[in-house]
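Student: I would like to learn how to read a protein structure one feature at a time. Could we begin with the core and then move on to the sheets and the rings?

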Amino acid sequence: MSSTPPPGWYRDPSYPLVERWWDGTAWTDHRRQPETETPQEPLMGPGPAAGGPGRAKVIALTAAGSVLVAAVVTGVVVLARDAGGSGSGAEAKTTVGSSATTTPSASSPSASASEPSADDPSVVEDELNGITLPLPDGWVRAENVADDDVVMTTPGTYDCPGDPGLCRHGQVLSRTATTSDASPEALARGDIADAMDTAFDRDGLGSRPFGGVTSHREVKAGTVAVGGRAGYFVRWRVTTAKGPGGYVQSLAFPSSVGSEAPVIVRFAFDAGADGPPLTDMDRITKGIRPIGDPATGGGVGSSIGASR
């Protein structure tokens, strides 16, 4: 019995010279050059050798056999992945703040997009977008969360002050932007309202863990260098009907891998004494690095923008 292959970079079945991201259920549009170049076997020989027709026939038959074997192997791999992706593994969900806790079935890959770094346990790796994020003190890697894009959370939960459910004091997620032709500023400003609504207004189950949002105001915005790339962030202070409210931040910057698609990193922090310090937003932003390049940072716009 085969299980669904875990998310990762695999040879693109439609173009084996590059690697393509498999999200655990389907192929995405993300492609990259293989990190380790593997010589590709030619599908056809270089041409007839000096030995004559017999030698040419052997080369032709060998080439045809190679093509057939490659086609069969590729077909088996794709069918196995498709079969695994269409499985009926069940997941149990319970409300956790503005998201849900997910318990993967035995045959399902991990629900979280974050992976621990083999070299540095103090960072979280987002392999899809080609970045690592620092894991500050008081934070843990995402576990048992419904949103696959969440990369880290504060530990533990508490009873939401609004609709019944469990909430977290803070979470950070990383995802690929759906629009690739907009500037980092336009992406960040276009994302911040949805970030607020998702975290503090109404969750994916239709509940209002904080009784809904009553108002918001911008407290910071500006350019910032993220892993050596020019990015932009917007931060809002959110007031809710129940509880102390909180802060949300949307950060946008281009990825350094594959097609360099823009990346959105969202922050959602509770306000009040129990919420994480706002300096953690700055610390995580400044510590984002391309995978395999921990020294990259700074550059034009490397400072966090002034308060407004």
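Tutor: Start with the largest nonpolar core, which has 22 residues; Leu-133, Val-172, Leu-251 and Val-265 touch the most other members. Keep in mind that this is a predicted model.

Student: Why look for a nonpolar core at all?

Tutor: In soluble globular proteins, nonpolar side chains tend to be buried together. Here, the elements that give two or more residues to the core are E8, strand E10 (150-153), strand E14 (213-226), strand E16 (246-254), E17 and H3.

Student: Which element gives the largest share of this core?

Tutor: That is E17, with four residues.

Student: How do I read the order of strands in a sheet?

Tutor: List the strands as they lie side by side, not as they come along the chain. One open sheet here has seven strands in the order E9-E10-E13-E17-E16-E15-E14, and the pairing is antiparallel.

Student: Which strands are the edge strands of that sheet?

Tutor: They are E9 and E14, and each of them pairs on one side only.

Student: Can we follow one strand with its neighbours?

Tutor: Take strand E13 (residues 170-176), which is mostly covered, with five of its seven residues buried. E13 pairs with E10 in the antiparallel sense over three bridges, and with E17, also antiparallel, over seven bridges.

Student: Which residue of E13 stands opposite Val-150?

Tutor: Leu-173 stands opposite Val-150. On the E17 side, the bridge partner of Leu-173 is Arg-266. Leu-173 therefore serves as an example for both pairings, with Val-150 and with Arg-266.

Student: What about the strands further along the order?

Tutor: Strand E15 (residues 229-240) and E16 pair in the antiparallel sense over seven bridges. In that pairing, Phe-233 has Leu-251 of E16 as its bridge partner. Leu-251 has come up before, among the core residues that touch the most other members.

Student: And strand E14?

Tutor: Look at Lys-220, which lies in strand E14. Its relative accessibility is 17%, so Lys-220 counts as buried, the cut-off being under 20%. The C-alpha atoms of Lys-220 and Val-234 are separated by 6.0 Å, although these residues are 14 apart along the chain.

Student: Is there another sheet to practise on?

Tutor: Yes: three strands form an open sheet in the order E1-E2-E3, with antiparallel pairing. Its edge strands are strand E1 (8-12) and strand E3 (27-32), each pairing on one side only. On average, neighbouring strands of this sheet are turned by 40 degrees against each other, direction ignored.

Student: How many bridges join E1 and strand E2 (residues 15-22)?

Tutor: There are five, and the pairing is antiparallel. For one of the residue pairs, see Asp-12, whose bridge partner in E2 is Tyr-15.

Student: Now the rings. What do I look for in an aromatic pair?

Tutor: Look at two values: the distance between the ring centres and the angle between the ring planes. The count here comes to five aromatic pairs. One of them is Trp-139 with Phe-269, which is tilted, at 5.3 Å centre to centre and 45 degrees between the planes.

Student: Why does that pair tie together parts that are 130 residues apart in sequence?

Tutor: Because Trp-139 lies in the loop between strand E8 (131-134) and strand E9 (140-141), while Phe-269 is in strand E17 (residues 262-270). Both Trp-139 and Phe-269 are buried.

Student: Why is the pair of Phe-267 and Phe-269 edge-to-face?

Tutor: The planes of Phe-267 and Phe-269 are at 70 degrees, with ring centres 6.5 Å apart, so the pair is edge-to-face; that label needs an angle over 60 degrees. Phe-267 is buried at a relative accessible area of 1%, and Phe-269 is buried at 0%. Trp-139, Phe-267 and Phe-269 form one aromatic cluster.

Student: What can sit over a ring besides another ring?

Tutor: A charge is one case. The charged end of Arg-237 sits over the ring of Tyr-247, 5.1 Å from its centre.

Student: Can we end with a helix?

Tutor: Helix H3 (residues 279-287) contains Thr-285, which counts as buried at 1% relative accessibility.

Student: What does the side chain of Thr-285 reach?

Tutor: The side chain of Thr-285 reaches the backbone oxygen of Met-281, at 2.8 Å.

Terms used: Residues are numbered from 1 along each chain as its sequence is written. This is a predicted model: local features need pLDDT of at least 70, side-chain atom pairs count only at pLDDT 80 or more; totals for chains, interfaces and linings use all residues. Side-chain values use heavy atoms; hydrogens and water are left out. Rings of Phe, Tyr and Trp (its six-membered ring) pair if their centres lie within 6.5 Å; planes under 30 degrees apart count as stacked, over 60 as edge-to-face and the rest as tilted. Buried means under 20% relative accessible area, exposed over 50%, partly exposed in between (1.4 Å probe, protein chains only). A charge sits over a ring if NZ of Lys or CZ of Arg is within 6 Å of the ring centre and within 35 degrees of the ring normal. A polar contact is a pair of N or O atoms within 3.5 Å; within protein, one must be able to donate a hydrogen and the other to accept it, and residues adjacent in sequence count only if both atoms are side-chain atoms. Two strands pair if DSSP finds at least two bridges between them. Axes are lines fitted to C-alpha atoms, for helices over the stretch in contact, and angles run from 0 to 180 degrees between N-to-C directions. A nonpolar core is a set of buried Ala, Val, Leu, Ile, Met, Phe, Trp, Tyr and Cys residues joined through side-chain atoms within 4.5 Å.
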